[in-house]
Amino acid sequence: MTQPLRIALAGLGTVGGGVVKLLDTNAALIERRAGRAIEIVAVSARDRTRDRGIDLGRFEWVDDAATLWRRDDIDVVVELIGGADGPALTLARATLGAAKAFVTANKAMIAHHGVELAATAEKTGTALKYEAAVAGGIPVIKGLREGAAANVIGHVYGILNGTCNYILTTMEKEGRDFVEVLAEAQALGYAEADPSFDIDGVDAAHKLAILSSLAFGTELDFGSVAIAGIRHVIAADIAEAAAMGYRVRLVGLAEAGSKGLFQRVHPCLVPLDHPLAHVSGSLNAVVAEGNFVGRLFFEGRGAGEGPTASAVVADLIDIARGEYGPAFAMPVASLARPGAAPVGERRGRFYLRFTVADRPGVLAEITAAMRDAGVSIESMIQRGAATDGSVLLALVTHVCPERCVTDALDRLDGSQSIVGRPMLMHILDI
């Protein structure tokens with residue numbers, strides 16, 4: 001009989017527990033599809049006494065996860081610890097250096113160190129797999145690396161963070177403001193106690209950097225991702241977007257061109273006829289545009305026990321079959337280094353929202369700043385005064401370079417007429 005694929009599991013949180021349950025529940029089907037059984041031999045986590053609702057007594061417990069790779073009875077290490085550096089990275093380097101396969105759901109580590117780890121895997125002839133690191137159970141890594149491998153990809157973009165999407169779509173449906181909906185999301189477990197990693201766009205940026213490398217054959221360049229989150233989106237922005245035929249979504253967008261690699265995570269106004277406008281709740285979605293295949297649209301649950309465990313076990317099945325392949329769809333030596341495209345030169349239409357004092361001359365001041373910066377205004381809406389005497393002013397620009405819009409905002413910086421921080425959102429036009 002073919003020897004089982006023997007794995008060690010580092011991390012027994014929500015996803016780790018899900019992997020154990022999935023391997024138990026679907027064991028017979030997994031063995032048929034993999035061509036051999038997949039068996040957990042050893043596990044490691046911080047708290048040995050915690051009741052996880054699963055039988056761990058059949059596995060050998062290892063107190064120090066960093067030593068799992070040393071075991072002779074292990075073929076694969078599955079890392080579900082998290083963190084860009086620290087124990088997770090130490091374990092990854094050691095496992096791949098010892099020519100043992102490595103599976104991870106760790107988007108931060110892949111975004112920061114993926115090229116290094118892929119090079120080690122190539123050198124030692126083993127596998128680095130990370131399907132679970134981007135969009136949970138959606139097979140987008142496999143889709144780009146394998147299904148779309150023959151295509152030149154023009155764009156890759158999507159909704160990459162379920163927490164943000166839940167907050168924005170709840171604000172949209174119920175007309176409530178960000179702070180209130182965030183508190184509810186935390187109470188329901190959709191958002192962390194410290195939600196900054198999600199709501200400030202960092203989580204989505206890690207995923208976008210990975211997708212960019214796969215889509216365009218470039219080295220990972222997380223440091224070049226322009227990042228803005230959703231904490232300054234208010235209910236009025238969503239209402240104004242709806243009145244104009246848009247929905248607000250946090251979108252990660254990447255494209256490669258003659259001027260370099262463009263990568264951005266930013267709240268966008270998405271037209272109602274675009275599929276991303278209909279991705280609601282905590283779902284994720286990714287769109288890739290191939291020159292022969294056309295538009296590919298992936299949608300599904302981007303996090304959680306079941307979806308993420310499904311992606312982890314899918315990688316294990318590939319390894320059991322002997323399907324390794326380069327981690328980023330081509331050998332590391334073939335990955336390009338295009339450099340970062342100048343963000344300010346990208347052309348588009350923009351939504352701007354100001355909260356202003358209700359007095360004469362304010363509108364003229366804003367339009368003058370736009371004129372002097374070379375920004376042409378397509379439409380403008382002014383709402384009635386609030387109880388504090390302030391007025392909401394929303395405008396949409398014609399197509400122009402982004403640097404012109406930021407120049408206009410710089411000209412208005414410090415204005416006594418503007419209350420608080422203006423809101424800038426891009427209008428998705430692809």
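Tutor: Helices are DSSP runs of H or I with at least four residues, strands are runs of E with at least two, and both are numbered from the N terminus. The model is predicted.

Student: Between which two elements does the loop with Arg 346 lie?

Tutor: Arg 346 sits in a loop. The strand β13 covers residues 347–348. The loop's two flanking elements are α11 and β13.

Student: Which residue has its C-alpha atom 5.5 Å from that of Arg 346?

Tutor: Sequence distance is no guide here. The two residues are 55 residues apart along the chain. Arg 346 is also in contact with Cys 400, Pro 401 and Glu 402, among others. The residue with the 5.5 Å C-alpha separation is Pro 401.

Student: Which side chain makes a polar contact of 2.8 Å with that of Arg 346?

Tutor: The contacts of Arg 346 include Leu 253, Glu 255 and Phe 262, with neighbours within four places in sequence left aside. The 2.8 Å polar contact is with the side chain of Glu 255.

Student: Which residue meets Glu 402 in a salt bridge, N to O at 2.4 Å?

Tutor: Glu 402 is in helix α13 (residues 402–412). Its partner lies in strand β10 (residues 260–271), 138 residues apart. Both residues are buried. The partner is Arg 264.

Student: Is Asp 318 buried or partly exposed?

Tutor: Asp 318 forms a salt bridge with Lys 142, with the closest N and O atoms 2.5 Å apart. The pair joins helix α11 (residues 305–321) to helix α5 (residues 140–147), 176 residues apart. Lys 142 has a relative accessible area of 25%, so Lys 142 is partly exposed. Asp 318 has 3%, so Asp 318 is buried.

Student: Which residues are linked with Lys 142 and Asp 318 in a network of salt bridges?

Tutor: Side chains of opposite charge can pair when their charged atoms come close. A search of the whole structure finds 30 salt bridges. Lys 142 and Asp 318 belong to a network whose other members are Lys 129, Glu 146, Arg 321 and Glu 323.

Student: Why does Arg 71 count as buried?

Tutor: Arg 71 and Asp 73 meet in a salt bridge, N to O at 2.9 Å. Asp 73 counts as partly exposed because its relative accessibility is 25%. The cut-off for buried is under 20%. Arg 71 counts as buried because its relative accessibility is 16%.

Student: Where does helix α4 bend by about 80 degrees?

Tutor: Helix α4 spans residues 107–124. Its buried residues include Ile 110, Gly 114, Leu 117 and Ala 121. Their cover includes α3 (86–97), β5 (101–104) and α9 (202–216). The bend is at His 113.

Student: Which residue just after α4 takes a positive phi?

Tutor: The phi is about 70 degrees. The residue is Gly 125.

Student: How many residues does α9 give to the largest nonpolar core?

Tutor: In soluble globular proteins, nonpolar side chains tend to be buried together. The largest nonpolar core here has 83 residues, of which Leu 128, Tyr 130, Val 140 and Ile 167 touch the most other members. The contribution of α9, which gives the most, is nine residues.

Student: How many residues are in the other core that lies apart from it?

Tutor: Val 43, Leu 56, Ile 317 and Ala 320 are among its members. The size of this other core is 33 residues.

Technical notes. Residues numbered from 1 in each chain as written. Heavy atoms only, no water. Bend = angle between axes of the 7 residues up to and from the residue. Buried < 20%, exposed > 50% of the residue type's maximum accessible area, 1.4 Å probe, protein only. Contact = heavy atoms within 4.5 Å. Salt bridge = Lys/Arg side-chain N within 4 Å of Asp/Glu carboxyl O. Core = buried A, V, L, I, M, F, W, Y, C linked by side-chain atoms within 4.5 Å. Polar contact = N/O pair within 3.5 Å; in protein donor to acceptor, adjacent residues only side chain to side chain.
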